[in-house]
Amino acid sequence: MYGLDEKRKELLDFVDQVPEQQASVKPEEDRWSILEVLEHLYLMEQLIVYQINQALKQGDTQQATEKPIHKTTNRDYKVEAPEAVRPKGEFTTLDQAKEGLKKTREATLFLIHNKEQETLQNRVFPHPAFGDMNLEQWVEFIGWHELRHLDQMKEVKAHIHT
């Protein structure tokens, strides 16, 4: 659904090849480790689930134009992560990170299960870079966002010399 499973599988296939001792190594002081990137993805999906839930409960019916969210993977365009989704060191192992991601994905799927497509298309909340997006686009965005950070983790792994 929305390409989430395929994109998550790609992410986990990579993570499964990361040695535990490399997971917490930062390539540079001001850059995230692989574990921190995974925590960011976990926090981000958690926040999106919360926002979708709020929009479903309280949101007025409104439309948003379709945004080019597939461009999320273009890392030439830098976006500063909002404070709420910056890693705080919650995960110390890759297994903890994978468990966290599993829980947020279950929450996402549970939230959108049995929702009318029309409902998801007629509730909106803003994205920092794309502006207003409907809930359907937000759900799809989760996967594109993961692919963006998969590229980042590949770069981090390439820069780690252990």
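Over residues 4–153, the chain of this predicted model is 56% helix and 5% strand. The C-alpha atoms at the two ends of this stretch are 18 Å apart. The stretch corresponds to an annotation in UniProt, where an unreviewed entry lists residues 4–153 as "domain: DinB-like".

The largest nonpolar core comprises 43 residues. Within this core, Ile34, Leu38, Ile52, Leu94, Phe141 and Met153 touch the most other members. At least two core residues are supplied by each of helix H1 (4–15), helix H3 (34–58), helix H4 (94–112) and helix H6 (135–159). The greatest contribution to the core is that of H3, with 13 residues. In soluble globular proteins, nonpolar side chains tend to be buried together. For Phe141, when residues up to four places away in sequence are not counted, the residues touched are Met44, Ile48, Ile69, Thr72, His127, Phe130 and Met133.

Several individual positions illustrate the packing around the helices. Leu35 is found in helix H3 and has a relative accessible area of 5%; because this value is under 20%, the residue is classed as buried. Apart from neighbours within four places in sequence, Leu35 is in contact with Ala23, Ser24, Phe91, Thr92, Thr93, Leu94 and Ala97. Of these contacts, Ser24 is eleven residues from Leu35 in sequence, and the two C-alpha atoms are 5.5 Å apart in space.

Gln137 has its place in helix H6. This residue is buried, with a relative accessible area of 4%. Its contacts, leaving aside neighbours within four places in sequence, are Thr65, Glu66, Lys67 and Ile69. Ile69 is also among the residues touched by Phe141.

The loop between H3 and H4 contains Val85, for which the relative accessibility is 1%; Val85 therefore counts as buried. Not counting residues up to four places away in sequence, Val85 touches Trp32, His40, Leu43, Met44 and Leu47. Met44 is likewise touched by Phe141. Between Val85 and Asp132, which are 47 residues apart along the chain, the C-alpha separation is 19 Å.

Ala64 is also found in the loop between H3 and H4. With neighbours within four places in sequence left aside, Ala64 is in contact with Val124, Asp132, Met133 and Asn134. Met133 is in addition one of the residues touched by Phe141. The C-alpha atoms of Ala64 and Gly100 are separated by 31 Å, the two residues being 36 residues apart along the chain.

An exposed position is provided by Asn114, in the loop between H4 and helix H5 (117–121). The relative accessibility of Asn114 is 67%, and because this exceeds the 50% cut-off the residue counts as exposed. The phi angle of Asn114 is near 65 degrees, a positive value in a residue other than glycine.

The largest pocket has a volume of about 740 Å³. Its lining consists of 27 residues, of which Val79, Glu80, Ala81, Arg148 and His149 are the closest to the centre of the pocket. H3 and H6 are the elements that give two or more residues to this lining. The largest share, six residues, comes from H6. By class, the pocket lining has eleven nonpolar, seven polar and nine charged residues.

The structure holds one cavity of 30 Å³ or more. The volume of the largest cavity is about 30 Å³, and its lining is formed by Leu41, Met44, Glu45, Ile48, Ile142, His145 and Glu146. As in the pocket, the elements that give two or more residues to the cavity lining are H3 and H6. For the cavity, however, H3 gives the most, with four residues. The cavity lining divides into four nonpolar residues, one polar residue and two charged residues. Met44 and Ile48, both part of this lining, are also touched by Phe141, and Met44 is touched by Val85 as well.

Methods
Residues are numbered from 1 along each chain as its sequence is written. This is a predicted model: local features need pLDDT of at least 70, side-chain atom pairs count only at pLDDT 80 or more; totals for chains, interfaces and linings use all residues. Side-chain values use heavy atoms; hydrogens and water are left out. A nonpolar core is a set of buried Ala, Val, Leu, Ile, Met, Phe, Trp, Tyr and Cys residues joined through side-chain atoms within 4.5 Å. Buried means under 20% relative accessible area, exposed over 50%, partly exposed in between (1.4 Å probe, protein chains only). Contact means heavy atoms within 4.5 Å. On a 1 Å grid over the protein atoms alone, a cavity is a set of points where a 1.4 Å probe fits but cannot get out, and a pocket is an open set with protein on both sides within 12 Å along at least five of seven lines; lining residues have an atom within 4 Å of a point. Grid points are joined across faces, edges and corners, and a volume is the space filled by probe spheres set on the points. Ala, Val, Leu, Ile, Met, Phe, Trp, Tyr, Cys and Pro count as nonpolar, Asp, Glu, Lys and Arg as charged, and the others, Gly among them, as polar. UniProt positions are given in the numbering used here, feature names are shortened, and annotations may be inferred rather than shown by experiment.
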